Amino acid sequence: QQDQYQIELVTVQENDIPTKLASGMAAGRLPQMIEVGAENILNLGAEGMLDSEAVNDVVNRIGEEDIYDGALKMLSNPAGGHFGVPFHGWVQGIWYREDLFEERGLEPPTTWESIMTAAKEFYKPEEQQYGIVIGTNKDAYARQTFTQYALSNNARIFDEEGNLVFNSPEMVETLKFYAELAETTPPGPNGWRDARDLYLAGRVPMMMYSTYIMDDIGLQATDYAGEQGAIIENLVDKTNFANTMKHKTEAVFGQINGLTFIKSEDQEKLEGAKTFAEFLLTGENYIDFLHMAPGGMNPVRPSIANDPKYLEHELLEVWGEKSARIASGLNSIGKFGYVGGRVFPEIGNITSQFIVGQTIMRMTERGWSAERAAEWGHNEMQDALD
């Protein structure tokens, strides 16, 4: 007879996660298991809050050979093993109207030059048409979109020794380019909702977004577009995805969400959490979970990624061959907390305070120079680490 466990599910909005984790830590009331992005898991791991042994047990039960290496690296513990069990992931890039690019003879937006050229070409604010939507608010979306530009310019928050280098010439150059690109965006701080709504309405030909947008665009091509029908006919066929960005180097950005376990004296609860984690990652249970956001949540297990039951979903089928290509970036994603094969868990202290987004806003909303903004961000990050 198997043990039975009762699960209480608590949902938290993404931008509220750092605050909720901090208050939970202070009150000693964190849940036994949490599902969050890699940075938050690394932060908790650096604070000594996680049961790495329990994590490693689940990883071993599933089998490291059936988890993408890129996903495992994102959640690795510098002391060995892992801080979290990879659960699902998304890839970010520029979604763009391929039909409009072809009409104007524009190159796909895969380099700084081609992105800027296209953004300026399409920017017609008097007609409420804009060039691109990127993050310009103090939130996770701004950090996520900015990171890909930074990585493509070899700009990092840490060097290979772990020193803070946010005020480097490479980062200043990236901030300068990003601020210039932001001049072609809609007015005011922009977030992911702006990107989605404006792209679906045909008011921007480019937006930076994760694979979570696949269902929104896909719905335009199914029977679920509502009584009015699709705003733009055959939007899926007209949309392409540039998931690689090149400047000094090629960069792919994305996120791995993981399951992790808080240290606890209650071994029964811990065993229940481990059993639940394994249940979620197994067979049809896992496929059913991933299909709640098809294309957005990509499997971290190759066996599931190639399972016909996973691939046989109406929205994934709408995207056709693009679907497999989009998910292929999951194994080569880069992030600020990973340099030269090393993991720096303290990145969580920086991301939890949305310092990158605040730095960007000082340029786009206050008119600061890139040099001044980089120095401010560098000092704020040093305070966060201290």
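Two strands count as paired when DSSP finds at least two bridges between them. Keep that in mind as you work through these exercises on a predicted model.

**Exercise 1. How confident is the predictor, and where does pLDDT stay under 50?**

Start with the whole chain: the mean pLDDT is 90. Next, check the spread, and you find that 95% of the residues reach 70 or more. Then look for the weak stretch. That's residues 222–229, where pLDDT stays under 50. For this stretch the model has seven contacts beyond four places in sequence.

**Exercise 2. Work out how strand S1 is placed and what it pairs with**.

Step one is burial. Four of the five residues of S1 (residues 33–37) are buried, so the strand is largely enclosed by the rest of the structure. Step two is pairing: S1 and S7 run antiparallel and are joined by five bridges. Step three pins down the register, since methionine 33 has phenylalanine 261 of S7 as its bridge partner.

**Exercise 3. Which strands pair with S2, and through which residues?**

Begin with the strand itself. S2 covers residues 85–97, and 13 of its 13 residues are buried. Now take its partners in turn:

- S7 (residues 253–261) is antiparallel to S2, with seven bridges; here valine 91 sits across from glycine 254.
- S8 (residues 298–299) is joined to S2 by two bridges, again antiparallel, and glycine 89 stands opposite asparagine 298.
- S3 (residues 206–210) runs antiparallel to S2 over five bridges, with tryptophan 95 partnered by methionine 207.
- S4 (residues 239–242) pairs antiparallel with S2 through four bridges, one of them tied to arginine 97 and threonine 239 as bridge partners.

Put this together with Exercise 2 and you see S7 bridged to S2 and also to S1.

**Exercise 4. Find the residues that touch the most other members of the largest nonpolar core, then follow isoleucine 217 outward**.

The core holds 119 residues. Those touching the most other members are Ile94, Ile132, Tyr149, Ile157, Ile217 and Phe261. Helix H8 (residues 169–182) is the biggest contributor, giving seven residues. As background, nonpolar side chains tend to be buried together in soluble globular proteins.

Now zoom in on isoleucine 217. Skipping neighbours within four places in sequence, its contacts are Trp95, Tyr199, Leu200, Met207, Leu235, Val236, Thr239 and Trp319. Some of these names should ring a bell: Trp95 and Met207 are the S2–S3 bridge partners, and Thr239 is the one facing arginine 97.

**Exercise 5. Which residues of helix H9 are buried, and what do they pack against?**

H9 runs over residues 192–200, and its buried residues include Ala195, Leu198, Tyr199 and Leu200. The buried residues of H9 pack against S2, H7, S3, H10 (213–219), H11 (235–238) and S4. To finish, step just past the helix: glycine 202 has a positive phi of about 80°.

**Exercise 6. Serine 152 and leucine 385: is each one buried or partly exposed?**

You'll need one cut-off: buried means under 20% relative accessible area. Serine 152, in helix H7, comes in at 0%, so it is buried. Outside its four-place sequence neighbourhood, serine 152 is in contact with Trp112, Met245, Lys246, His247, Lys248, Thr249 and Ala251.

Leucine 385 belongs to helix H20 (residues 370–385). Its relative accessibility is 27%, so it counts as partly exposed. Beyond nearby sequence neighbours (within four places), leucine 385 is in contact with Phe158, Leu164, Glu346, Asn349 and Ile350. The C-alpha atoms of leucine 385 and asparagine 349 are 6.4 Å apart, with the two positions 36 residues apart in sequence numbering.

**Exercise 7. What lines the largest cavity and the second largest pocket?**

Cavity first. The search finds one cavity of 30 Å³ or more, and the largest cavity has about 50 Å³ of space. Its lining is Glu39, Arg143, Thr147, Phe253, Lys335, Phe336, Gly337, Tyr338, Ile347 and Thr351. Helices H7 (140–152) and H18 (347–351) each supply at least two of those residues.

Now the second largest pocket, with about 350 Å³. It has 20 lining residues, and Met74, Ile333, Gly334, Lys335 and Tyr338 are the closest to its centre. Helix H4 gives the most to this lining, with three residues. Finally, compare the lists: Lys335 and Tyr338 line the cavity and also appear by the pocket's centre.

Technical notes: Residues numbered from 1 in each chain as written. Heavy atoms only, no water. pLDDT = per-residue confidence, 0-100. Contact = heavy atoms within 4.5 Å. Core = buried A, V, L, I, M, F, W, Y, C linked by side-chain atoms within 4.5 Å. Buried < 20%, exposed > 50% of the residue type's maximum accessible area, 1.4 Å probe, protein only. 1 Å grid on protein atoms, 1.4 Å probe; cavity = no way out; pocket = protein on both sides within 12 Å on 5 of 7 lines; lining within 4 Å. Points joined across faces, edges and corners; volume = space filled by probe spheres on them.
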